Amino acid sequence: MNPSFATSSDGAQIAYECCGNGPAIILLHGGGGCRQEWREAGYIERLQNDFTVVSLDLRGHGESSLSTDPTDYTVTKMVQDILAVADACRVEQFALCGMSHGGKTGQYLAIHSRRVDRFILMSAPLGPGTSPQLRLEIAEFTAHWSSVLQAQCDGTLDLSSLPREDQEFLQNFKVAAMLGWGPAMLKWPSVRPTDFTCPVLWLIGSEDHQVMESVREFESALEGSPFQVHIFPGLDHGQVFDEIERVFPVMRAFLR
């Protein structure tokens, strides 16, 4: 399906699709992904009979505006992107569902806007914008790929000299944009369960160790908060999204 485009407050163009009828739900994909993943996994097909389903490409992803500048990926700008899409779809109140990086992004909108009436957080931890492990990974990624892209820009890059996995990564992902939004996350603020006022469904795989650690860290704060926590035994980070037969019934019950 060809996308429509919403213009965010700073002029960024955000690609989105809208289908179905009923109460609105906005879907935010994971890091390095795109809006089509929700359709390919079967979520849109299952939601569109009962909901107005809006899926979008986060900036730096898919067909939305790309930038290598970390200042273009602040929490404020990311939140304004989602609201620009909601406005373009003439949606005032909506449920919000974010997977991994989309969940980290969506939580800032959920805690600051009354327009979000419920929030589904999939495979994403609470707490700081980046964990110590993720900070290390971002630093390593930036150090490695900055030199590769500089050589590509200078016309001195010999692709055949790169390891095969690097060649495939460069072909399949928007590395330049990742050098923008990855470091930007280092400045994203911390979020706690008590920051939320809307109902939240936290979907976690028992083998997603980083998110399970976050559950244990905030166990006491979850009591009395608007959170429902659902842990899927045996699932890892990505499987919480992929295993739709197990996950969707829990989502659907929450959305009702």
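**Notebook: loops and helix packing**

I began with R59, whose side chain forms a polar contact of 2.9 Å with the side chain of D10. The model I am reading is a predicted one.

**R59.** I placed R59 in the loop between strand 4 and helix 3. Is R59 buried or exposed? I found a relative accessibility of 4%, and R59 is buried because the cut-off for that class is under 20%. I then looked for further polar partners and found the backbone oxygen of D72, 2.7 Å from a polar atom of the R59 side chain. Leaving out residues up to four places away in sequence, I listed what R59 touches: S8, D10, A12, I14, S64, S65, D72, Y73, K77, M78 and D81.

**Helix 3 against helix 4.** I recorded an angle of about 85° between helix 3 and helix 4 (residues 101-112), with 9 Å between the axes. Helix 3 is therefore roughly perpendicular to helix 4. From helix 3, I noted V75, M78, V79, I82 and L83 in this contact, and from helix 4, H101, T105, Y108 and L109. Sorted by class, the contact holds 7 nonpolar and 2 polar residues, and no charged ones.

**T105.** I followed up T105, which lies in helix 4. Its relative accessibility is 1%, so T105 goes down as buried. Which residues does T105 contact, leaving aside neighbours within four places in sequence? I found L58, M78, I82 and W188. For L58, I also took the C-alpha to C-alpha distance to T105, which is 9.1 Å across a sequence separation of 47 residues.

**Helix 5 by itself.** Next I checked the length of helix 5 (132-154). Its 23 residues should span 33 Å at 1.5 Å a residue, and I found its end C-alpha atoms 33 Å apart, so the two agree. I marked I138, F141, W145, V148, L149 and A151 as buried in this helix. What do the buried residues of helix 5 pack against? They pack against helix 6 and helix 7 (175-184). Just after helix 5 comes G155, with a positive phi near 80°.

**Helix 5 against helix 6.** I took helix 6 as residues 164-172 and read an angle of about 75° to helix 5, with the axes 13 Å apart. That makes helix 5 roughly perpendicular to helix 6. On the helix 5 side I listed F141, H144, W145, L149 and Q152, and these meet D166, F169 and L170 of helix 6. By class I have 5 nonpolar, 2 polar and 1 charged residues in this contact.

**The loop before helix 5.** I looked at two serines in the loop between strand 6 and helix 5, starting with S123. S123 is not a glycine, yet its phi is positive, at about 55°. Is S123 buried or exposed? With a relative accessible area of 1%, S123 is buried. The other serine, S131, is in the loop between strand 6 and helix 5. S131 counts as buried because its relative accessibility is 17%, and the cut-off is under 20%. I found its side chain joined to the side chain of Q210 by a polar contact of 3.0 Å.

**R90.** I also noted R90, a residue other than glycine, for its positive phi near 55°. R90 sits in the loop between helix 3 (75-88) and strand 5 (94-99). Its relative accessibility is 77%, so I entered R90 as exposed.

**D50.** Last, I turned to the loop between helix 2 (43-47) and strand 4 (52-56), where D50 is found. D50 is partly exposed, because its relative accessibility of 37% falls between the limits of 20% and 50%. What does D50 touch, not counting residues up to four places away in sequence? I listed N21, G22, P23 and R252. With R252 there is a polar contact between side chains, at 3.2 Å. I also took the distance from D50 to F218: the C-alpha atoms are 34 Å apart, and the two residues are 168 apart in sequence.

How values were computed:
Residues numbered from 1 in each chain as written. Predicted model: local features only at pLDDT ≥ 70, side-chain atom pairs only at ≥ 80, totals over all residues. Heavy atoms only, no water. Helix = DSSP H or I, 4+ residues; strand = E, 2+ residues; numbered from the N terminus. Buried < 20%, exposed > 50% of the residue type's maximum accessible area, 1.4 Å probe, protein only. Contact = heavy atoms within 4.5 Å. Polar contact = N/O pair within 3.5 Å; in protein donor to acceptor, adjacent residues only side chain to side chain. Axes fitted to C-alpha atoms, helices over the stretch in contact; angles between N-to-C directions. Parallel < 35°, antiparallel > 145°, perpendicular 65-115°, else oblique. Nonpolar A, V, L, I, M, F, W, Y, C, P; charged D, E, K, R; others polar. Expected span 1.5 Å × (residues − 1).
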